[in-house]
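Q: Could you take one small part of this model and give me a close look at how it is packed? I'd enjoy a connected walk through the contacts, starting from a single residue and working outward.

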Amino acid sequence: MTIPKTYVKKAAPFLKWAGGKQRLLPQYEPYFPPRELTGRYFEPFVGSAAVFFHLQPAHAVLADRNDKLIEVYEAVRDEVEAVIAALKPHRNESAYYYEVRAQDPCKLTRAERAARLIYLNKTCYNGLYRENSRGEFNVPFGRYKNPRICDEERLRLASQVLQGVSLQVADFEDVVSVAEEGDLVYFDPPYVPLSETSSFTAYHRLGFGEADQRRLADVVESLTERGCRVMLSNSSAPLVYELYDNGRFLLVPVQARRNINSKADRRGPVQELLILNYTPGEWRVR
């Protein structure tokens, strides 16, 4: 089965995610190549999949190293009604939250595991996803007044758009190894921290450090040589300029809002970068 050609206007992310791009889509819009010019679409750091749900490409590969996250997308794609049924009984209570967090996911069905992660995501502190060294979710209760734990319509629309999508648990380099000329690759990696205290790059136990950022830059160069269009989001840290401000890429400043900080007065606007290897309007790889 392939993704329906009809664009599903109300489809949107059903997860909150650190660095999610839903609010940045209006700033990104002028830089998205037309759908008719795009071959396959690859998103190796899927997160909340905001760009995917916005573009709804005809052929897509979504991936992440976080196997639990990919399993949620698989369950929503393949058995959304079972996920909804498992999600409905969950409630926004602190003691109950910690009971669910302590559950052994191996003793649950796939739909139940997906519902558990969606529930924890909707009710945990700041919508974070963080794991300890054993790969266990360890974010505290969020104390939201009335979170919408089970959004049935959004889940069903997401399931509709996810039909035909290839979902993979894989390293970003492996995911895009098959990308060809005309394909579009969107990278949204854990960001290079702007300071030693601003880092939130280890949401997964494997982390993502400077060596990974440099390897990513090498992959972007390789994709460029192969004629693939690449969009990449990252912070405006010096390392990002070192890796991409070399005349071969277009660096577009984007105004974002930092929502993840233990102190509310330290959340606010921050400049990020959207990095392109093509010229908007012409759409040719630079």
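**His-90 and the helices around it**

A: Happy to. Setting aside residues up to four places away in sequence, His-90 touches Tyr-96, Val-100, Ala-115, Arg-116, Tyr-119 and Ile-149. Please keep in mind that this is a predicted model. His-90 sits in the loop between α4 and α5 (94-101). Its relative accessibility is 14%, so His-90 counts as buried, the cut-off being under 20%.

Let's follow those contacts outward. Tyr-96 and Val-100, touched by His-90, also belong to the α5 side of a helix contact, where Tyr-96, Tyr-97, Val-100 and Arg-101 meet Arg-116, Tyr-119, Leu-120 and Thr-123 of α6. By class, the residues of this α5 and α6 contact divide into five nonpolar, one polar and two charged. As for the geometry, α5 and α6 pack with their axes 10 Å apart and at an angle of about 140°, which makes α5 oblique to α6. The crossing of α5 past α6 is left-handed. Arg-116 and Tyr-119, on the α6 side of that contact, are likewise among the residues that His-90 touches.

Next, the helix before the loop. Helix α4 (residues 80-87) packs with helix α6 (residues 110-123) at an angle of about 55°, and their axes are 8 Å apart. These two helices are therefore oblique to each other, and their crossing is right-handed. From α4, Ala-82, Val-83, Ala-86 and Leu-87 take part, while α6 brings Ala-111, Glu-112, Ala-114, Ala-115, Ile-118 and Tyr-119. Sorted by class, this contact of α4 with α6 has nine nonpolar residues, no polar ones and one charged one. Ala-115 and Tyr-119 of α6 take part here, and His-90 touches both Ala-115 and Tyr-119.

A general point helps in reading such lists: an α-helix has 3.6 residues a turn, so residues three or four places apart point the same way.

Helix α6 has a further partner in α3 (67-78). The axes of α3 and α6 come within 9 Å and cross at roughly 115°, in a left-handed crossing. Lys-68, Leu-69, Glu-71, Val-72, Glu-74, Ala-75, Val-76 and Asp-78 of α3 meet Arg-110, Arg-113, Ala-114, Leu-117 and Ile-118 of α6. By class, there are seven nonpolar, no polar and six charged residues in the contact of α3 with α6. Ala-114 and Ile-118 of α6 serve here, and they also appear in the contact with α4.

Tyr-119 deserves a second mention for its ring. Tyr-96, Tyr-97, Tyr-98, Tyr-119 and Phe-141 form one aromatic cluster, and Tyr-96 and Tyr-119 are both touched by His-90. For context, a search of the whole structure finds 17 aromatic pairs. One of them joins Tyr-28 and Phe-32, whose ring centres are 6.3 Å apart and whose planes lie at 70°, so this pair is edge-to-face. Tyr-28 and Phe-32 are both buried.

One more helix ties the neighbourhood together. In α7 (residues 152-162), the buried residues are Leu-155, Leu-157, Ala-158, Ser-159, Val-161 and Leu-162. These buried residues of α7 pack against α2 (50-55), β2 (60-64), α3, α4 and α6. After α7 comes Gly-164, with a positive phi near 85°.

The strand that α7 packs against, β2, contains Leu-62. With a relative accessibility of 0%, Leu-62 counts as buried. Apart from neighbours within four places in sequence, Leu-62 is in contact with Tyr-41, Glu-43, Val-46, Phe-52, Ile-70, Leu-162, Val-165, Ser-166, Leu-167 and Gln-168. Leu-162 in that list is one of the buried residues of α7. The C-alpha atoms of Leu-62 and Pro-190 are separated by 16 Å, the two residues being 128 apart along the chain.

Finally, a backbone detail next to α2. Ala-49, in the loop between β1 (41-43) and α2, has a phi near 65°, a positive value in a residue other than glycine. Its relative accessible area of 1% means that Ala-49 is buried.

Methods
Residues are numbered from 1 along each chain as its sequence is written. This is a predicted model: local features need pLDDT of at least 70, side-chain atom pairs count only at pLDDT 80 or more; totals for chains, interfaces and linings use all residues. Side-chain values use heavy atoms; hydrogens and water are left out. Axes are lines fitted to C-alpha atoms, for helices over the stretch in contact, and angles run from 0 to 180 degrees between N-to-C directions. Helices (H or I, at least four residues) and strands (E, at least two) are DSSP runs, numbered from the N terminus. Angles under 35 degrees count as roughly parallel, over 145 as roughly antiparallel, 65 to 115 as roughly perpendicular and the rest as oblique. A crossing is left-handed if the near helix is turned anticlockwise from the far one by less than a right angle, and right-handed if clockwise. Contact means heavy atoms within 4.5 Å. Ala, Val, Leu, Ile, Met, Phe, Trp, Tyr, Cys and Pro count as nonpolar, Asp, Glu, Lys and Arg as charged, and the others, Gly among them, as polar. Buried means under 20% relative accessible area, exposed over 50%, partly exposed in between (1.4 Å probe, protein chains only). Rings of Phe, Tyr and Trp (its six-membered ring) pair if their centres lie within 6.5 Å; planes under 30 degrees apart count as stacked, over 60 as edge-to-face and the rest as tilted.
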